[in-house]
Amino acid sequence: MRIAGKGLLDRSKPVAFRFDGVRYEGLEGDTLASALLANGVRLMGRSFKYHRPRGVLSAGSEEPNALVTIGRGADRIPNTRATVQEIFSGLDAVSQNRWPSLAVDLLGLNDLAAPFLGAGFYYKTFMWPAAFWEKLYEPAIRRAAGLGALSGQADGDVYDRAYAFCDLLVIGAGPAGLMAALVAGRAGADVILADEDARMGGRLLSETGAVGEEAGVSWAGEVLAELESLPNVRLMRRTTVVGPYDQGTFGALERLGHHLPHRGGGPLECFWRIVARRSILAAGALERPIAFRDNDRPGIMTAGAVRSYLNRWGVSPGRAVTVFGNNDDAHRTARDLVDAGVHVAGLIDSRHDAPQSDLFPVYRGAQVCGSAGRRGLENITIRSIAGEDRLQTDCLAVSGGWNPSLHLTCHMNTRPHWREDIAAFVPAPGAVPGLSAAGACNGTFSTAGCLREGAAAARAALEDLGRTAPPVVVPEAEDDPYRITPLWAVAGRGRAWLDFQNDVTVKDVKQAAAENFRSVEHMKRYTTQGMATDQGKSSNVAALAVLADVTGRSIPETGATGFRPPYSPVAIAALGAGGSGKGFAPERQTTSHAASLDRGAPMIEAGLWYRPSFFPAPGEKTWRQSCDREVRMVREAVGICDVSTLGKIDIQGPDAARLLDFVYTNGFGSLQVGRVRYGLMLREDGYVMDDGTTARLADQQYLMTTTTAAAGDVMRHLEFVTQGLHPDWDVRLISVTEQWAQFAVAGPWARALLNGLLDAPLADGDWPFMACGEVSVMGVAGRLFRISFSGEHAYELAVPARYGEALFRELVARAEGLGGGPYGMEALNVLRIEKGLITHAEIDGRTTAFDLGLGRMLSSKKDFIGKTLAQRPGLLAADRQRLVGLKPVGAVKLITAGAHLFAAEAEPLRANDQGWVSSTAFSPTLGHQIALGFLSRGPERLGEVVKMVDHLRGVETLCEVVAPVFFDPEGGRARG
Amino acid sequence: MAELTAKSPCAGRLPLTIGAATVTEETLGPMTSIAPYRGRQADLAAALAAAHGLGWPQPNRSLTGAGVRLIWFGRDQALLTGAVADPALEDMAALADQSDAWAAVRLQGEAAEAVLARLVPVDLRRAVFAPGATLRSQLGHMPASLTRLDDHGFLILVYRSMAGTLLHDLKTAMEAAAARG
Amino acid sequence: MRFSGWRILKEGLTGNSGWTPQWRDPEPKEAYDIVIIGGGGHGLSTAYYLAREHGLRNVAVLEKGWIGGGNVGRNTTIVRANYGLPGNSEFYSHSLKLWEGLEQELNYNVMFSQRGVINLYHSDGQRDAFVRRGNAMVNQGDDAILLDRAALRRKLPYLDFDTARFPVLGGLYHPRGGTARHDAVAWGYARGADSRGVDLIQNCEVTGIDIDAGRVTGVQTSRGAIRAGKVGIVVAGRSSQVAAMAGLRLPIESHVLQAFVTEGLKPVIDQVVTFGMGHFYISQSDKGGLVFGGDLDGYASYAQRGNLPLVEHVMEAGMALMPMIGKARVLRSWGGIMDMSPDGSPVIDRTGIEGLYLNCGWCYGGFKAVPASGHCFAHLLATDRPHAAAAGFRLDRFRSGEGIMDEEATGAQHNLH
Amino acid sequence: MRISCPLCGPRDRREFYYRGAAVALQRPAADAGEDAWQAYVFLRDNPAGVTRDLWYHAQGCGAWLVVTRDTASHEILATELAAEVAS
């Protein structure tokens, strides 16, 4: 019911929206909750467990009851607080967790079974018969549980993430926050003022008191206008600071699009990382309910919420309102209602010394002990010394006192302090480094107190920041003392709710204590109190108090409330903005990428890189056909392959050779200029880390290559050795991976191809195997390495990357002229397996040089990384699984990677496991399947037949153990 | 004989303007990594001054001379752009040609700072990060070098192979900044 | 008191007034045969099996806070036996079998739900590595099924099959894996141990370990000295500190692992799903919250909380894999202290001190191990011999290099496992 | 979490790679014996309090840092270049 003359909304701006398909009209600036209340709608949701009918409890983000789904399509948003959602033209809100409708919810039957569904009932049953849990009980429970539903479709909205930096972050724009921002802003500090509400002003928007000579809301407007005008102040509206992190970092969620009918492609939300040198928490306080029988009926809400609806939105949530409280603040609600012309049927104050009023009846020393009404409040029962009395009312405003909004100060696991005088927890000083609390969140509830503390906190922060605070006069305002006599739960029969959403009642807490869940953490976990979407904002303190009472301890003895980030829930899409699709990781493309795509090559991921899998030729229908052709092409003619993705590190300086000797297991001191050597690198724990070739380009200059996968790891490792272990060595490392486009030219016609391309042909006798040097390629200075990963006579030719694409096209064209062409990763893999050359399938992080048959590469003449621990007995044990070749010898010809190896007659059980297959390929060169694998005592078992079993693929193959080099074991082709 | 055609990292993909920001590919000419040997930094500074008119940059600073720029590029490393490094420097420092290793773009416009605030986890406000300032950090998930050229202009370098992702990330951030008007 | 549907019915009809404590709060005695330091999941299950399997009832569990307050109460509740290396294989297989009878054995519904675990793979190399592991699982007698892309599309239609940065090619499916209600596991074991005479002593912090001539004689606590014939340390998250009381230096570095739960949602994710190209794993609880996590924050920490870079990475991975969860809101995040060992596998072993035993190094895989860890540790404490299923968890394996169980294959850097 | 790189200034944790305890700088001689190597590679003091550990400014300047830090509070007390600590 809208009240004439009340509220801050413009009555000339109506907005039409829908709730559960029914069209309503509200005003611009309404929340869904205020607009529904204005339309007389009280029933907005159902509780989680008992599906009890519920209306709003609050007027803010802490709302536990009125959760709705916004929208109906793929991008619908479940679990939105009606108290936060601003209405806009076309808003389509739907209630949730009910069937078939909000008014008639069949799961409301749960409520009748409540005696059997108390705290922890599910731990005690659903166990018989055992199979029924997964088949019957659990599916039923799961279907009934949950609140709203995701659409199941990919989130199509745009989200944003950003960083911000400031001197001072002020969290909350109520009287304390505004005052703090004003003082710091005038001092010239860079200030960010963030507030979760669409409109700044905090509690001033909901109260009628004056600040200085004017209404509080006017004062707030003036301060905001000044802050807007300051270039050093940034106002962030609709922005919830959700958590503090280390060294002054805060996470904050800015809601950009939820209130807009059309977003025009702009972001829905932005997740901010705000880095602040100092911060002030001015988050206000949240009012808490009082537990009494059936205190969860629609129409029962906090007294402060009633004032908010009345004073800010111009709505009375009822026609005959009653107020129930244990503190003076509750009286303010009754006064405001009367001032607005709303009938106040009575104020029930549990204190015998409560103030009297001539505006409304005051029931001193009385308590509300029950409520009645169908889907909404119709009357309450009042108990006093005089007995019980029933009062007709459609709205009960309850105030059990206020809890400071100290949540952020608990996020770093510091417990708050209990203050007996206000019956509430307050932040522990220093709970978040650099942050101080001011105003209501610090337990100071009067407006004047908030203004004073805000100013003082800003002055202290400015002093820390080395700035001078300007003289700012703190305006006068209401400075009433806060008087409260705690009342947590009204004694009596029936169920009295503590945690509304999760349906946790006083009885549940008592039962938990009876079952010895007396630690507050046990009680919470056993009853689920505090586990709902509000994290117990409205229930934690009362539940703790009930537990304290029933266990005969004081509240501080019993424990404290704890909270974890985020302050209010944040969408996964906002925290992970940009992560979907290709945004998850950078894409690295070689210079031949486009040319490979031109040829129809499917690309596969190699780390962050893309590499061509194979190059289909006309008529080829499977990858195997292409791969086999490419392998034959390299063996018989010449093939071209982009190998630019391998890491390349330029190592220069007088101690460059020393470094290589230290990081490689084998010696590099003797490597001549113009020559290349294969090197093996261990981790310090003795296992193989990486391998690759290193070329000596000049007296004090080497070029190390790493595998594609380990490029970053190796660079970091070399930096560690040079900075952390041997900073005295004069050696410099520069990554040049990106500078060079490098192509393998492999096959019998490789030299012929190059000689047609190089400005000076390669002379016979020059460029032996493992030679390197500078060449001129069609006028471009390049580098040539005579190395081979295919076992063929081969080179790698490198040019500056700008020429990469042109050179690749040129090389391929010339190769095709010689009966060859490009080859991809599939063929490269076959070629190397035929030669028994290892990759990270074999260097899998658990293999040693001994396992790989490279034990002789461990120099005995020098120290090197990994040397000592590689000599541990376990790493040299004779029965280790060591590298072998495998070829099929039985009827089944297939060998599969990942299969395990057993003695031919053994059962394929763990106890008999002797090894595994690391790499397999069909060798077109040999005409059969070949494989590399690791077999216990493998090198001693050449010629033995073993059994390969792949349970997962259903393959069992008898294999002969052979040496791991299948083709040209003497290496004549590569050297020739 | 045919020539090998050169192709720049962002060829054909720029310029791009969204809202109050524009990205263009920047042609920096030769680029050389310079890493002084132990104890040779003073000699190197002198040789740089003689050859290129620039000293050795302090961390997070870039120096500009006639057509050349020397950008601090990390621990004991700088990047010389705009001129081929004088071979005399080789005595004092490890040099490596990087002319083709980096994609270089310029982000210009009133919104440039807001765009970068979406990508770079460092305080880039004008008062903190003034023209001439440079840094090594990340842009999105990519390693990057960032230099402020003027009040609203930044030079951005990322690995050449990541040019496509750079442009994707910049475009997304420019759209987000523009959506706020 | 035996729990059953009938008991619930009876209590419900009589005002729920008959419920009794699920465990006692005894005063500590002067001496016990065995003192277990640590009232987490592993300590409670150890005590339970000592009493049940070995008839040892003069046992105390000393807990500095409240029982079940450690990692058993702050994890992502996943249970699986999908390890690839000997030592781990037999142990987790043993644990899974214990899980399968746990509710009936404990007369406590821990809601163990074998919803299946699916590890996704994104490249041929990763597929082959998963096949290797899956074959090891089958060799051990456990279940593993290789799903190709088409089968996966049917099972998990909501994955991003079409635009993902790293394509989803298939998955290794472990049907017997699943989830359980973590707190209930601690409470069920606590109740079972208590009912067999074990003293569960909360708010009792161990401040010293008494050793005389190379033999443990008892412990000093915040509630006085307690003599003990044997002492078992089961304090993941504080292992280094407690072991230091006995002069031991452990191969452990403590790290923070964050986890997340969303607001309650109607059922949308049925299995446990893990991403192969970024640390991300997710399931949906019976209550409807999406429960998920990722990698360690990466730095040594005892703060029980983490920082945003990891939070954001986990969310990015989630969006990359299954963008339909975008509008689920993260309700709560928390952090636990992980005992990270040099090979990512745990230790259940004797120490050099007679009568002092050690159970630590669970990295972030401790929850699923709760039954077998207690079962095997109880065996070791009772018999002084390692249980066959945990014989690989030796403390000296790093020294000898024998039996290293580096499942992640990342080597001796604690935070990489 | 933010770490002040001695070269780059205060930077977000996401720019850094973490290695572990700074004991890694004290590499034993090859013949230092089994105990020394055990202690170097595997065993850790692992204090719940002030520790020194190694971080690599991977996305920044490439410097290895020794960070003095409280593992219980995440307070950072000092950062130094590893090259200067080690030399």
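Reader: Before anything else, what does "in contact" mean here for two residues?
Author: Two residues are in contact if their C-beta atoms, placed from the backbone, lie within 7 Å. Keep in mind that this is a predicted model.

Reader: Okay, so how many residues of chain A are in contact with chain D?
Author: On the chain A side there are 19 residues, and they are in contact with 20 residues of chain D.

Reader: Which helices of chain A supply at least two residues each there?
Author: Those are α18 (711–725) and α22 (867–870) of chain A. The largest share of that side, six residues, comes from α18(A).

Reader: And how do the residues on that side divide up?
Author: Chain A's side facing chain D has six nonpolar, five polar and eight charged residues.

Reader: Switching topic: how many residues of chain C are in contact with chain A?
Author: 93 residues of chain C are in contact with 91 residues of chain A.

Reader: Which parts of chain C supply at least two residues each to that side?
Author: Several helices and strands do, including α1 (5–13), α7 (182–195), β12 (253–264) and β16 (329–340) of chain C. It's α5(C) that gives the largest share, eleven residues.

Reader: What's the nonpolar, polar and charged split on that side of chain C?
Author: It comes to 40 nonpolar, 32 polar and 21 charged residues.

Reader: Which strand of chain A is joined to β16(C) by bridges?
Author: That's β31 (residues 570–571) of chain A, joined to β16(C) by two bridges, and the strands run antiparallel.

Reader: Which residue stands opposite Val570(A)?
Author: Val330(C), in β16(C), stands opposite Val570(A).

How values were computed. Residues numbered from 1 in each chain as written. Chains lettered and ligands numbered in written order. Predicted model: local features only at pLDDT ≥ 70, side-chain atom pairs only at ≥ 80, totals over all residues. Helix = DSSP H or I, 4+ residues; strand = E, 2+ residues; numbered from the N terminus. Nonpolar A, V, L, I, M, F, W, Y, C, P; charged D, E, K, R; others polar. Pairing = 2+ DSSP bridges.
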